[in-house]
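Here are some questions and answers for a reader who is new to this structure. Each answer ends on what was asked for.

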Amino acid sequence: MVVTGRAGALAAAGVVFVALLMPRWAGVGVVVAVVVLVCLVDILLAGSPRRLQLSREGDTAVRLGEQAVVTLLVANPRRRVKGLLRDAWPPSAGVQDAPHQLDLPTGERRRLTTHLVPTRRGDRQAYRVTVRSIGPLGFAGRQGSHNVPWTVRALPPFKSRKHLPSRLARLRELDGRTALLVRGQGTEFDSLRDYVPGDDVRSIDWRATARRGNVVLRTWRPERDRQVAIVIDSGRMSAGRVGDAPRLDHAMDAALLLAALATRAGDRVSLLACDSEVRADVRRPAPEDVLPSFVNALANVDAELVQTDFRVVVSQVLERLGQRSLVVLLTGLDPAVIEESLLPVIGPLLRRHVVVLASVADPRLTEMEESHADLIEIYGAASAARTRLDRERVTAVLTRAGVTVVDENPDHIAPALADTYLALKKAGRL
Amino acid sequence: MSATTAVGRSGAESWRVLRLPLLITCVVVLGVLVVLIATAARTSGPFSPDSAEPTGARALASLLENHGVNVVGTEELRDAVGAGSDRTLLVAPGGSLSRSDWQRIADARWSHVVLLRPSARALEVLAPGVQDVSLGLPKGSRAPDCDLKAAVQSGTATVSGTSYSAPDSAQACYGDGINHTVIRLETEGRIVDVIGSPRSFTNAELATDGNAALALNLLGTHLELVWYVPQYESSNASGDENDGGKPLIPPDVRYVAWALAFAVFVVALWRGRRLGPVVAERLPVIVHAAETTEGRARLYRRSRARDRAAAALRESAIGKLHKAHGIPRRAEPAAVVTTVAARTGRDPAMLYELLYGWPPVDDAALMSLSQELDLLTQEVRRP
């Protein structure tokens, strides 16, 4: 049951009526009776919102920051329904439209579109569709809700895509598609081909030359089919907000760039998001399926406010990887956490695999360290300096232990991690 | 796809579900109302026959009931001006009865009227000749000292309060010889009792002395007793134009106010009804990553940890110098100072003091230390 502004105006007119014409109990009674009667008649004449038939179609996934369009089909088998329709979603689904005006005569259908620009990663579920049907007199009406489920998944935005072409170019340089035919660490035998003047004579395969009768050259290419395990720490270290997004989101961005690059380089990538338990797990998907499966798996991962259990992380990684692999651990570089929980358990990982630890640095610390205007800022600068020194110390400890550390600002973490990967590949350490 | 998507109950379903609870609620409410009305006290306040307070008179009323007298308590004047033959009217003190009200009571042909501490106006109309002498009688146990049968049978009573002078025709009891608190006179075919000590008949004092007997004897003359407790607004309600001017608020305003209240209610319904419920969602915790560092800065400041702050700043500056000048990481302080002094042309002693000296003694020293270190690293950066 709803009343409109007209009913309010009628009741207000009733005040004037009582004041000027009938200053008695009877006058008040007449006003109340008229308003109630008009509203009741209108409610009875209004089309029933419950009888509407609703269904949805449209987008089920959207990159964060882009717009999804979900269509609501409304069919009215009964009396004309005129009024408002609100398609209710949670606030972070970012509904762009005001409630729809609805005028649906008997037997007709309408298509109403809702535009969503999600403001956070993850699944956003449609809550309810509420229809307010106002009667023909416009004084009152009925209201009812429908449950028309739909889910729009807001995927990680993968903003670092723009760095992919330049890294792929460097990968091709490595890859032997450009003339880089030197045998060395990190390359494997590719094929034999005829000698062309200008080729390095050191690459001539004399045995094959003798067999064939013309000069034949061995070509080499970087090793392929290596395993890359990307491990994202979804514990409290990743909950801290750097810039306008949590560390976790920056880490996901870097992970996606690395995954795209490594897939193009012919490596097998798998993904693990883990804190005290596993939150997302993608094991060696088919190359064309890497990005979609990663993006889907990461969409619903949120930073949990628990301390990451690195014993779980290490045992999970060891269980997944057979051959020597690259393990990329995206976490925070908190000295206490690293020293107390990561270093004691990382030994088995380091013995078998190459470990890279990538961490998102906070530009705010640099900013704090560089401002010296007054005493407050000097204490801030001192505190920021202490934090940086601690990070440098723990970085040194990790490097000594054999871990490659990448500590960069949010804007640079993804390309820096990709570069580290390329450098490792070039050096043949995979 | 059908109406199954609708949320909540339909009208018919709601009615089916709600009718039984509604019925039970209605029955309970009605029952409570009936019980309340049936048992409601018709009068209240001092000398009310329904009041169990020390100043009330419920004890007397139930005593009378036990002796077969039907006590009818009322606050309405119209009960006091009804047909009065073979009935007793008791008028409790208080209220604001006008002369015409008293006249109407007098005209009602009561056989017996008992006035508890009446006003001068009442005495004038109902008991001519009896005068309020404005003399308080001290509280005490007194003998009837008269030949009124009801009083003589009761014996001594504890009386106090107003006393009256009586004409010779009246029977006057319980006094100091000149003025009396209980006076009976018979005029115009009716008996009028004037009692100046109503406190004797309250719940608090009824049990003392012969008070109860006196009250029973005085009030039990007829089988029906109308116990009237006058109210202060009764004279206005009776439409008496003589006293009470025009009300300050015109009576019409009340109806306009009710109409206005209804309008406000309708407007509130209009504005207050939302289009579906508010949608709630779980939000992630937002903590700035630099929170701990900022917290430590505040701690430094609050505890004036100049030594720690200076140490951090110096260590940071030395780290930058190491990088800039290619000094080995584990170089001795002296070696660092020598190298930097050679590059920047500064005095080695002052440089040593700046980089490895004592912690600053006050805030000003910390500020200047920070500025000096800043200058030094800037210089190094732009050689």
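Q: How many aromatic pairs does a search of the whole structure find over all chains?
A: The model is a predicted one. Rings of Phe, Tyr and Trp pair if their centres lie within 6.5 Å. Over all chains, the number of aromatic pairs found is three.

Q: Which kind of aromatic pair do A:Trp25 and B:Tyr255 form?
A: The ring centres of A:Trp25 and B:Tyr255 are 5.0 Å apart, and the planes are at 85°. Planes over 60 degrees apart count as edge-to-face. The pair of A:Trp25 and B:Tyr255 is therefore edge-to-face.

Q: Why does the pair of A:Trp25 and B:Tyr255 join two chains, and in which helices do these residues lie?
A: A:Trp25 belongs to helix 2 (residues 25-45) of chain A. B:Tyr255 belongs to helix 9 (residues 252-272) of chain B, so the pair joins two chains. The helices asked for are helix 2 of chain A and helix 9 of chain B.

Q: Is B:Tyr255 buried or exposed?
A: The relative accessible area of B:Tyr255 is 13%. Buried means under 20%, so B:Tyr255 falls in that class. Its partner A:Trp25, at 46%, is partly exposed, whereas B:Tyr255 is buried.

Q: What kind of pair do the rings of B:Tyr352 and B:Tyr356 make?
A: The centres of the two rings are 5.4 Å apart. The planes of B:Tyr352 and B:Tyr356 meet at 35°, and an angle that is neither under 30 nor over 60 degrees counts as tilted. The pair is therefore tilted.

Q: What separates B:Tyr352 and B:Tyr356 along helix 13 of chain B?
A: Both residues lie in helix 13 (residues 348-356) of chain B, four residues apart. B:Tyr352 is partly exposed at 41% relative accessible area, and B:Tyr356 is partly exposed at 25%. Along the helix, the separation of B:Tyr352 and B:Tyr356 is about one helical turn.

Q: Which residues do ring pairs link into a cluster?
A: A:Trp25 and B:Tyr255 form an aromatic pair. Ring pairs also bring in B:Trp258. The cluster consists of A:Trp25, B:Tyr255 and B:Trp258.

Q: Which residue lies over the face of B:Trp270?
A: For an Arg, a charge sits over a ring if CZ is within 6 Å of the ring centre and within 35 degrees of the ring normal. Here the distance from the ring centre is 4.8 Å. The residue over B:Trp270 is B:Arg271.

Q: How are helix 8 and helix 11 of chain A oriented to each other?
A: Helix 8 (residues 335-342) and helix 11 (residues 375-401) of chain A pack with their axes 9 Å apart, at an angle of about 30°. Angles under 35 degrees count as roughly parallel. Helix 8 and helix 11 of chain A are therefore roughly parallel.

Q: How many nonpolar, polar and charged residues does the contact of helix 8 with helix 11 of chain A have?
A: From helix 8 of chain A, the contact is made by A:Pro335, A:Ile338 and A:Glu339. Helix 11 of chain A contributes A:Asp390, A:Arg391, A:Arg393, A:Val394 and A:Leu398. By class, the contact has four nonpolar, no polar and four charged residues.

Q: What is the phi of A:Arg284?
A: Most residues other than glycine have a negative phi. A:Arg284 is in the loop between strand 18 (278-282) and helix 6 (290-299) of chain A, and is partly exposed at 42% relative accessible area. The phi of A:Arg284 is positive, near 35°.

Q: Where is B:Phe47, a residue with a positive phi of about 65°?
A: B:Phe47 has that positive phi although it is not a glycine. At 10% relative accessibility, B:Phe47 is buried. Its place is the loop between helix 1 (11-39) and helix 2 (58-66) of chain B.

Q: Which residues of chain A does B:Glu315 touch?
A: B:Glu315 lies in helix 11 (residues 306-325) of chain B and is partly exposed at 38% relative accessibility. Residues up to four places away in sequence are not counted among the contacts. The residues touched are A:Arg386 and A:Leu389.

Key: Residues are numbered from 1 along each chain as its sequence is written. Chains are lettered from A and ligands numbered from 1 in the order in which they are written. This is a predicted model: local features need pLDDT of at least 70, side-chain atom pairs count only at pLDDT 80 or more; totals for chains, interfaces and linings use all residues. Side-chain values use heavy atoms; hydrogens and water are left out. Rings of Phe, Tyr and Trp (its six-membered ring) pair if their centres lie within 6.5 Å; planes under 30 degrees apart count as stacked, over 60 as edge-to-face and the rest as tilted. Buried means under 20% relative accessible area, exposed over 50%, partly exposed in between (1.4 Å probe, protein chains only). Axes are lines fitted to C-alpha atoms, for helices over the stretch in contact, and angles run from 0 to 180 degrees between N-to-C directions. Angles under 35 degrees count as roughly parallel, over 145 as roughly antiparallel, 65 to 115 as roughly perpendicular and the rest as oblique. Contact means heavy atoms within 4.5 Å. Ala, Val, Leu, Ile, Met, Phe, Trp, Tyr, Cys and Pro count as nonpolar, Asp, Glu, Lys and Arg as charged, and the others, Gly among them, as polar.
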